[in-house]
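Subject: Structure handover and notes

Dear colleague,

I am handing over the structure below, together with the notes I made while going through it. Please read the notes with the coordinates open beside you.

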Amino acid sequence: MEIYVVKKGDTVDSIAQRYGIPVSSVIFNNQLAYPYPLAVGQALLLSAGEPFVSSYPAYVNGYAYPYIKQEVLNETLPYLTTLSVFSYGFTTSGDLVPPLPDDSFMTGAALAAGVGPMLTLTPLGPDGNFNNLLITAVVNSEEAKNNLFNQLLSTLQKKGFRGLDIDFEYVLPDDRVSFAKFVSDARNFLSPYGYHVSVALAPKTFDTQPGLLYAGKDYRLLGGAADSVLLMTYEWGYTYGPPMAVSPINKVREVVEYAVTRIPPGKIDLGIPNYGYDWTLPFVRGRSRARTISNLEAVQLAIDAGVDIFFDETAMSPYFQYEKDGQLHEVWFEDVRSYREKFSLLPEYSLRGMGYWQIMRFFRPNWLLLQDTFLIR
């Protein structure tokens, strides 16, 4: 497949004619909406040239909430190895708390498609936020751990899950070792039953990196404790931060280069964002709040505003500004160019695969590029 960047005066018809391909394939690959307007600077994925058969195998995981649309789930499953259901919680005594609504349709659809459903375990409190006091209570109590592990095993077996994904964020520094032991204990408990245990890691670049997001995550200990790890290489640009790329390749590379010195590369999955943000300007820290948008919505905003899309060569990410109702906006998102850069890191560093946060919005160009780049395991 080839990537084409729209120039002034281009139309879907003229691009298709130039490459000798059907107009319908341009429309389908890129989910273009009638009457198929384009934005200057928009990246299109074209089915041009000879088919390419990739030889690099990659595991592909996608996170999804139980309120994902059935249509989106069905369209995405053919591109996945595993599907992580987000999420199951727990109490301070280790009682498992299932998600609402019920997730059975997700596990059933995944299994029918030959995709392994994964149970994602998070310390989310009643307010929907990560609660490190829950983490402290369970990882330091053998009784709570054993209770939780037994309930996890029962649920894994009952619902047909293929493994456990541990996503504990804001682990307190004092719980660094206890948390790693919790992951190791979970793996030792579940491995005899054939279950895979993975753990999500904040995007660190050195051992003693300060901050509540990083201090409790020991890459070396957790890499040894789990069967695989997910590097959460996204959220540099985030809801409450200033406008910037969500997953700038220069920052992602720094995380990977550190990770492979602490964890075997064959255990590492690269985090991939499937979304962008729309900020209002000027940005005011403590007051500004970016709006989460899909990659398709980002392009449509540029089209509706009649503005060009630009590409930052350092972050390797698309962005643009537009004005609406007298308010200036700045948008950063992902396209096939930014995904291609992230994909290139897998063979370069011999990584295991990737994990998408999250698959609630279907973005076909990404999946077609992925399928063209890797042999999905």
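What follows covers the pockets, the helix packing and a few points of backbone geometry.

Please keep in mind throughout that this is a predicted model, and that the values given here are computed from it.

Pockets

The largest pocket has a volume of about 1,500 Å³, and of the 43 residues that line this pocket, Y65, F130, E169, E235 and W357 are the closest to its centre. Strand β4, which spans residues 82-90, contributes the most to this lining, with five residues. Sorted by class, the lining of the largest pocket consists of 29 nonpolar, nine polar and five charged residues.

The second largest pocket has a volume of about 270 Å³, and its lining is made up of 22 residues, of which N30, L32, Q42, L296 and V299 are the closest to the centre. Three elements give two or more residues to this lining, namely β2 (43-46), α10 (295-305) and α11 (336-343), and the largest share, four residues, comes from α10. By class, the lining of the second largest pocket has 15 nonpolar, five polar and two charged residues.

Helix packing

Helix α6 (residues 142-159) and helix α7 (residues 176-190) pack with their axes 11 Å apart and at an angle of about 45 degrees; this angle lies outside the range of 65 to 115 degrees that counts as roughly perpendicular and is not under 35 degrees, and α6 and α7 are therefore oblique to each other. Their crossing is right-handed. On the α6 side the contact is made by E142, K145, L148, F149, N150, L153 and L156, and on the α7 side by K181, F182, D185, A186, F189 and L190. By class, this contact of α6 with α7 has eight nonpolar, one polar and four charged residues.

For helix α2 (residues 23-30) and helix α13 (residues 364-373), the axes come within 6 Å and cross at roughly 100 degrees, and the two helices are therefore roughly perpendicular to each other. Here F28, N29 and N30 of α2 meet R364, P365 and L368 of α13, a set of residues that divides into three nonpolar, two polar and one charged. N30 of α2 thus appears in this contact and also among the residues closest to the centre of the second largest pocket.

Helix α13 also packs with α11, at an angle of about 35 degrees and with the axes 10 Å apart, and α11 passes α13 in a right-handed crossing. In this contact V336, Y339, R340 and F343 of α11 meet P365, N366, L369, L370 and T373 of α13, and the residues divide into six nonpolar, two polar and one charged. P365 takes part in the contact of α13 with α2 as well as in the contact of α13 with α11.

Backbone geometry

Most residues other than glycine have a negative phi, and most peptide bonds are trans, so the following places may be of interest when you go through the backbone. The peptide bond from L281 to P282 is cis, with omega near 0 degrees, and P282 is placed in the loop between β11 (276-281) and β12 (291-293). A further cis peptide bond runs from W357 to Q358, with omega near -15 degrees, where Q358 lies in the loop between β16 (353-357) and α13; W357 is also one of the residues closest to the centre of the largest pocket. Finally, Q31 has a positive phi of about 50 degrees although it is not a glycine, and its place is in the loop between α2 and β2.

With best wishes

Conventions. Residues numbered from 1 in each chain as written. Predicted model: local features only at pLDDT ≥ 70, side-chain atom pairs only at ≥ 80, totals over all residues. Heavy atoms only, no water. 1 Å grid on protein atoms, 1.4 Å probe; cavity = no way out; pocket = protein on both sides within 12 Å on 5 of 7 lines; lining within 4 Å. Points joined across faces, edges and corners; volume = space filled by probe spheres on them. Nonpolar A, V, L, I, M, F, W, Y, C, P; charged D, E, K, R; others polar. Axes fitted to C-alpha atoms, helices over the stretch in contact; angles between N-to-C directions. Parallel < 35°, antiparallel > 145°, perpendicular 65-115°, else oblique. Left-handed = near helix turned anticlockwise from the far one by under 90°. Contact = heavy atoms within 4.5 Å.
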